Amino acid sequence: MNANELLIELRKFVLIKSGLRNIDPGHCKIISEYVFQETKNYVSETTVKRFFGFANTLHKFSLFTLNSLSQYIGYTDWDSFCKDRENHTSSAQSIWQDLRMKTHAITEVSLIAKKNNSGIPFNSTANRNFFYPDFDYFLKNNYQFTTISAQPGHGKSILLAHMVEYFFYSEYAPYKNDIVLLINSTSINTIIQNGLTLKDWFAKEFKFGSLSEMISYFKKQPDKREGRFIIIVDGIDEYLSKPNYFKTFTDLLYSVEENNFVKIVLGLRTNSWTNLQPVISNSAFLTKAWYTSVFYDSDLLSNVPLLNNEEVLSTLSLIEGKTIEQSDINPDLLNQFKTPFWLQVYYKLKYENNFLELINPLLRYELINYFLEKRVFLAKKSTEKIFLLKKISESISEGAKSLRVAKEKILSYINCYPDAYEELIHSGILIEEKRLTTSIPTEVVRFLNNDIYTYFIFIQITEKFDYKPSREFFAHILSNFPQEKVNFREHILNWAIRFCINRNEIAELKNIFKLPFTNLEKNNSFDFICYVSRYELSKPNANFNKQNIGKDFIDIMAMGRTMSKLYKETIKHISDNVLNEDIQAMLHVIECNIALIDVDKVGLTSTMHLLKRNYKRLNELFPINPYDLLLYFYNNLINKPNEGRSLEEKIVKLCHQIDRSPSLKNEELTTEEMLCYRMALITLFAQRNYAECHRFIMAILNKFPNIFFIRYSVFSPFLLIHLGQTYLKLNYFKKAQRIMQFLEKIIDREYIYYTNFILASFIVFKANFHNATHHYEQAIVNADQGLEITGKHDFKMFEIALMLIRIDSLKHTDSSEQVSSVIKDLLNFLNIHKISMPEYSNLNGGEFENTFKILKSFKR
């Protein structure tokens, strides 16, 4: 028995002695303690891990370790164990069986190493069985060798491990009689450390002078052969980059004679295959003997496709310990996980930090940051690597299929730091490829992932502005990354948002809304601010924390009233954690506004209870106490009569104060004013005091003459829509129409920042306008459009308002059956959501009052 076989035997007996059928890294500490108890010799946990293949073995095991483990299982020392095992070896064993036993020892160690090197538990990795028929075809037909070639991180090694288990090692393996020899980097390392050539090693291990000699032997004596001999070589890309080792492996291929029982499988990165392929092409025999595979992509030089959605979701389900559906994961993240490598990064990040959910788009950026932190920023030669990556990202241009640069253009940088460059290639951050479509084949370099390239572009922007975000910082992003590359610009913006919140420079984020980014970009940025702020708040020692959340953050939350689920959760989460009582009070006011739109009595009650504790402070913070305004709506929700006179007097008094104020610039409008003005207007409108409502808007316009030109806050479109609704009630239809046309025009041009909530509000206004001007068919069309948006985004108050407008319009078209149908839908909606129908949801004219009262009083 050779040394590898004896080590396999020793491992087996150590497991038996320890009472273990299988072993994982956690058992190694226990075995270390058992050995110490039995022998009083200390074999460290790390040594035990190396012995069982859970850690890389860079040298032979010491005699002390082997003696200690031999004594643990009852032998006097390692030598006596070896002699005893030799005596048990059957002399009658055939040459084929002898080969099987020897290869099994090597393959088992290699297989364990592959499983242990998997970034996620091997049992959770995708079992890509669609590939099996293709591999089976190669085994059964007259091909000498095949390649499993892929970019780094595409899962070729895991695929090979699955195939070895399925075809040769599993309980129901179809080819158990075949011999499989799996050679990986650990095996090659051992050969090199022992000063052997591949030929020497083969002769020493298998008693044949070379692979060619073994083939000749079995060709002459076919009765001695009991199956096929499969050699799988993987993880040797680092060696193939060195000329002497490259020749060793090409000689291995050339030494294979034509036969039908020796098969060679090479697991290679595509850049290694690029260098090896010309050798194959120069040999007629090898060209004929090479099986390309059904999945081989001649452009990518790869035959390992990306994971599909089903494989990604299956792997994530095993990692999470629950079923993950496509709706549970952010679409961009799902696409990123199709490269198996990112699943490994996710598994490691999840182990260290379990705060981010798969649906959260921030996770994509945290994965990239985590990966680069480990592989670049905290790695050896980090300064050189960062320099190279920045210079390469500067030089990259957009090619036909990817972002890349000709290697000759960056050769001067590579020559400065060749070792750092080789490490970046080996770690898979950079990819070298051959561009063969040009007149002269060119070597090109690109990043493993475009998101990594984007990150280093962003790093250069931060350096350009001395790591200080500002208006100029965001203006640079706007001007240097055109709208045609909107996805690319969105990623840069997201990195910028993360950068600002990490550094607690919240005020600078307002520039995104003030600069002419597209409305979609502003809305996406607002959502991303919500995601990042919640995540940072969950981190210990973050710069953005519960002690220092300030007014700038409230300003952003108020200027982007999206009313989305994310927005509600963010406001709630931060109001529950912030320590500044004034900031908390403002967040509670926003929460109450959300509850009114949600027609949420329970939520409104609990938050108003918190506000009431700070009633006096609210008087000092706001132009009018928001609690008084909220109480009016609360009574409305619970059908309690309001003493509206005193409240109306307070609003009128505020209106006079505003009207007498000197004219101010838009920048001087405070968040406290916006919140109060909005609620005061809605209160006047709900009280049907339309004349005072109009006066209040004119007073605001007098104080802020350019307020309708605000393009960075939803307050401006809200004010315009509310003015339009007021004109309708005052029968100023032409003025209302002009506002409607103006809003339609600027929304179409994305000239204004608006949200889904504002869009729904505008459609309610249009439906109400057409209903009030007797264009009932158009009102119904608008109501249907609005119901589609409000249903999708859960704007309950608007959904009720639109159904009421629809009922009123249908009544005027003599559509009795449809009226009945909509009434049933409305009552069913109220019943499902267990909500009432507040008076402030009815925007119809006075003629509808009686119908509204009947509907409101109806009980199921």
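Buried, in this tour, means under 20% relative accessible area, while exposed means over 50% and partly exposed covers what lies in between (1.4 Å probe, protein chains only). The model is a predicted one, in which local features need pLDDT of at least 70 and side-chain atom pairs count only at pLDDT 80 or more, whereas totals for chains, interfaces and linings use all residues. Residues are numbered from 1 along each chain as its sequence is written, and side-chain values use heavy atoms, with hydrogens and water left out.

**Stop 1: a buried glutamate**

Select Glu673, which has its place in helix H35; helices here are DSSP runs (H or I, at least four residues), as strands are (E, at least two), numbered from the N terminus. Glu673 counts as buried, because its relative accessibility is 10%. Now add Lys703 to the selection, since the side chains of Glu673 and Lys703 make a polar contact at 2.7 Å. A polar contact is a pair of N or O atoms within 3.5 Å; within protein, one atom must be able to donate a hydrogen and the other to accept it, and residues adjacent in sequence count only if both atoms are side-chain atoms.

**Stop 2: the domains**

Zoom out and colour the chain by its domain assignment, which gives domain 1 (3-88), domain 2 (96-291), domain 3 (309-376), domain 4 (382-570) and domain 5 (763-859). These bounds come from an automatic or database domain assignment. If you mark the C-alpha centres of domain 2 and domain 5, you will find them 71 Å apart.

**Stop 3: the largest cavity**

How many cavities of 30 Å³ or more does a search of the whole structure find? The search finds seven, where a cavity is a set of points, on a 1 Å grid over the protein atoms alone, at which a 1.4 Å probe fits but cannot get out, and lining residues have an atom within 4 Å of a point. The largest cavity has a volume of about 390 Å³, a volume being the space filled by probe spheres set on the points, which are joined across faces, edges and corners.

To find this place, select Ile682, Phe718, His722, Met797 and Phe798, which are the closest to the centre of the largest cavity among the 22 residues that line it. Then show helices H30 (581-597), H35 (671-686), H37 (715-729), H39 (756-772) and H41 (796-812), the elements that each give two or more residues to this lining. H35 provides the largest share, with five residues. By class, the lining of the largest cavity holds 16 nonpolar residues, five polar and one charged, where Ala, Val, Leu, Ile, Met, Phe, Trp, Tyr, Cys and Pro count as nonpolar, Asp, Glu, Lys and Arg as charged, and the others, Gly among them, as polar.

**Stop 4: the second largest cavity**

The second largest cavity has a volume of about 80 Å³, and the residues to select for its lining are Ala558, Arg561, Met674, Leu675, Arg678, Val714, Phe715, Phe718, Phe757 and Ile758. H35, H37 and H39 are the elements that give two or more residues to this lining, and H35 gives the largest share, three residues. The lining of the second largest cavity has eight nonpolar and two charged residues, with no polar ones.

**Stop 5: along helix H30**

Next, select H30 alone and measure from end to end in the viewer. Its 17 residues, at 1.5 Å a residue, should span 24 Å (the expected span is 1.5 Å times one less than the number of residues), and the end C-alpha atoms of H30 are 25 Å apart, which agrees. Because 14 of its 17 residues are buried, H30 is largely enclosed by the rest of the structure. At the N-terminal end, Asn580 caps H30, with a side-chain oxygen 2.9 Å from the backbone nitrogen of Asp582. After H30 comes Val599, whose phi is positive, near 50 degrees.

**Stop 6: two lysines in loops**

Select Lys381, found in the loop between helix H19 (362-377) and helix H20 (382-395); its phi is near 60 degrees, a positive value in a residue other than glycine. Lys381 counts as partly exposed, at 34% relative accessibility. Then go to Lys834, in the loop between helix H42 (816-833) and helix H43 (849-857), where phi is near 55 degrees. Lys834 counts as exposed, at 72% relative accessibility.

**Stop 7: two pairs to compare in sequence and space**

Finish with Asp134, which lies in helix H7 (residues 132-140) and is buried, with a relative accessible area of 6%. Asp134 and Tyr291 are 157 residues apart in sequence and 9.9 Å apart in space, C-alpha to C-alpha. Phe473, in helix H24 (residues 471-480), is buried with a relative accessible area of 0%, and Phe473 and Gln687 are 214 residues apart in sequence and 47 Å apart in space, C-alpha to C-alpha.

Methods
1 Å grid on protein atoms, 1.4 Å probe; cavity = no way out; pocket = protein on both sides within 12 Å on 5 of 7 lines; lining within 4 Å.
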